[in-house]
Amino acid sequence: MRDHLNNDPLASIVGLLRPRTVLSKFVSGSGSWAVQYPNYGQPSFCLMLEGSCWMQLDASAPFLMEPGDYILLPATPGFRMGSDLTALEQPVTRIAEASPIGEVHHGNQQDAPAIRMLGGYFLFDPTSAPLLVSLLPSVIHIKADDSGADHLAWIVRAIGTETQSQRPGADAILMRLVEVMLIEALRWQPPAGREAMSGLLAGLSDTRMAVALRLIHADVARRWTVEDLASQAGMSRAAFAARFMQVLGIPPMEYVLRWRMALAKDMLWHDGLSLGEVAHAIGYQSASAFSTAFSRSVGLSPSAFARSNRAATAAQ
């Protein structure tokens, strides 16, 4: 619990997401080709190494990935990628393979690759991901000439090297590399003229909203009100509430509730704390008040949620 109570919202959220089970592989293509992958739901990333490739997420407009470009998808939707826009209209359906294989090649198998990328995916802890991923942008596209792109490229290449080597301790190193990659990608801000980030990242880049977010994460047990947070941010109650909703997409007290419930789920699942201990840690005056709020938010009582963890552990 103490690890997640600090005034750095980004670090505490990444810590609670507990990224793990990292797999990366090289992907190449030649000639005219396009593939379509179904909704995956877990996070994935990609670094374009050579050539260029079109990407299209669900029904959104396609965009071009060029050498050095990086993309992070916190909850990977169905997507298409291909050599050109014409090919993208008639893709071949593929399913991502969970086995570590050397390279996936699309298009003409005899031709030398015209494009090459390093892609990967991993898992978030299922106890916290549903509440927290919704606070993150659906896609982060960092171009090769953007600030921080070189550092991210180095991290992704290190992930690829570590995945391929399978040396002792690789899993521990990969988990830490992915945590660093996530923080680097999530704290990136688009340059002027590019579409602004949304959700938590937009809040952290807004001076007054960032003050409120740091306070919430540093002392989640405090009985926060909109008035308190507005005062700390130097704004009126109405102006603060409207700005918070505009920037983060949810009301201030809904954010407080989401963070409390994410912490509660983590403590019940991983730490085995009692209802009273969890209630006290996140700011509820009684176990019954916490139980009511948890059941309403999660759809299960805290006791039932904890029992589901014991059952899952026994099954494993």
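In this predicted model, the sulfur of Cys-46 lies 7.5 Å from the closest cysteine sulfur, which belongs to Cys-53, and this separation is too far for a bond. Cys-53 is likewise in no disulfide, since the cysteine sulfur nearest to Cys-53 is that of Cys-46, again at 7.5 Å, whereas a disulfide would require the two sulfur atoms to be within 2.5 Å. A disulfide is a covalent bond between the sulfur atoms of two cysteines. The search of the whole structure accordingly returns 0 disulfides. Both cysteines are nevertheless shielded by the protein: Cys-46 counts as buried because its relative accessibility is 7%, and Cys-53 is buried with a relative accessible area of 1%, where the limit for a buried residue is under 20%.

Attention then turns to the strands. An open sheet is formed by 5 strands, arranged in the order β5-β4-β7-β2-β8, and the pairing within this sheet is mixed. Its edges are formed by β5, which covers residues 63–65, and by β8, which covers residues 92–93, each of these strands being paired on one side only. Within the sheet, strand β2 (residues 34–37) is joined to strand β7 (residues 79–82) by 4 bridges, and the two strands pair in the antiparallel sense. One of the residues involved is Ala-34, whose bridge partner in β7 is Gly-82.

The aromatic residues provide a further set of contacts, with 10 aromatic pairs in the structure. In one of them, the ring centres of Tyr-37 and Phe-79 are 5.3 Å apart and the ring planes meet at 20°, so the pair is classed as stacked, the limit for stacking being under 30 degrees. Because Tyr-37 belongs to strand β2 and Phe-79 to strand β7, this pair ties together parts of the chain that are 42 residues apart in sequence. The two strands that carry these rings are also the ones paired through 4 bridges. Both residues of the stacked pair are buried, Tyr-37 with a relative accessible area of 12% and Phe-79 at 15% relative accessibility.

Elsewhere in the sequence, a single aromatic cluster is formed by Trp-269, Tyr-284, Phe-290, Phe-294 and Phe-305. One member of this cluster, Tyr-284, also takes part in a contact with a charged residue, as the charged end of Arg-260 sits over the ring of Tyr-284 at 5.9 Å from its centre. A comparable arrangement involves Arg-116, which lies over the face of Phe-26, at 4.2 Å from the ring centre.

Technical notes. Residues are numbered from 1 along each chain as its sequence is written. This is a predicted model: local features need pLDDT of at least 70, side-chain atom pairs count only at pLDDT 80 or more; totals for chains, interfaces and linings use all residues. Side-chain values use heavy atoms; hydrogens and water are left out. Buried means under 20% relative accessible area, exposed over 50%, partly exposed in between (1.4 Å probe, protein chains only). Two strands pair if DSSP finds at least two bridges between them. Rings of Phe, Tyr and Trp (its six-membered ring) pair if their centres lie within 6.5 Å; planes under 30 degrees apart count as stacked, over 60 as edge-to-face and the rest as tilted. A charge sits over a ring if NZ of Lys or CZ of Arg is within 6 Å of the ring centre and within 35 degrees of the ring normal.
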